[in-house]
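I opened my notebook to get to know this chain step by step. Here is what I looked up.

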Amino acid sequence: MRRLTAALSLALLVLLALPAQADDVAMLDWRRALLETDAAQRSMSDLEGLVGSQQRQAQSLEQELNALQQRAGSLTDSERQEANRKVGELNQLMGEIMQARQQAEQQFLQRAEPHLERAVDQLITRHSVKVLVEPMGVLHSEQQLQDLTSELTQILNTML
């Protein structure tokens, strides 16, 4: 009988402790926090300055190709050759733009990574977080998880 009482008492204590443990769980979207920083916005603006003319040229080529595509049945051989050349040029431009974006993102992430780690550590300490999950990693939660993403962006803005 004493064992049953002890087991029930232990189970009751565990159930009472669960809500306290749930407060130790928080959610953090570190990607969104980084993208919303002032430094990321400046980096994106700088990138647009670098590839802006290429993007305008690509848009112009797309418009020309759309116009040619509408007349696809009545194109001459030279117009078809010109269209093929423009498709190649557009593909090359899009590749260059994508490569520039990837390179800029990689450089930004390399600069931001040490700051991100320190900022996340600050949040974990400040909020006594025991379990930190990403939004895509949460399959089910019966209660609203504390979202530290905006606070992380604020901390990163002071660091970057």
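My entries go from the whole chain to one pair of helices.

**Entry 1: the outline.** I noted at the start that this is a predicted model. I then looked up the secondary structure and found 5 helices and 3 strands. Reading from the N terminus, I wrote their order down as α-β-α-α-α-β-β-α.

**Entry 2: inside and outside.** How much of the chain counts as buried? I found 28% of the 160 residues. For the surface, I noted an exposed area of about 11500 Å². Carbon and sulfur atoms supply 54% of that area.

**Entry 3: contacts along the chain.** I looked at contacts with a separation of 6 or more, and 84% of them come from residues 24 or more positions apart.

**Entry 4: a pair of helices.** I had learned that two packed helices are described by the angle and the distance between their axes. So I looked up both for helix 4, residues 77–126, and helix 5, residues 149–159. Their axes come within 9 Å and cross at roughly 135°. Because of that angle, helix 4 is oblique to helix 5. I also noted that the crossing of these two helices is right-handed.

**Entry 5: who meets whom?** From helix 4, the residues I listed include His 115, Leu 116, Ala 119, Val 120 and Leu 123. On the helix 5 side they meet residues including Leu 152, Ile 155, Leu 156 and Met 159. I sorted the contact of helix 4 with helix 5 by class and got 8 nonpolar, 2 polar and 3 charged residues.

Conventions. Residues numbered from 1 in each chain as written. Predicted model: local features only at pLDDT ≥ 70, side-chain atom pairs only at ≥ 80, totals over all residues. Heavy atoms only, no water. Helix = DSSP H or I, 4+ residues; strand = E, 2+ residues; numbered from the N terminus. Buried < 20%, exposed > 50% of the residue type's maximum accessible area, 1.4 Å probe, protein only. Contact = heavy atoms within 4.5 Å. Areas by Shrake-Rupley, 256 points an atom, 1.4 Å probe, with all protein chains shown as cover. Axes fitted to C-alpha atoms, helices over the stretch in contact; angles between N-to-C directions. Parallel < 35°, antiparallel > 145°, perpendicular 65-115°, else oblique. Left-handed = near helix turned anticlockwise from the far one by under 90°. Nonpolar A, V, L, I, M, F, W, Y, C, P; charged D, E, K, R; others polar.
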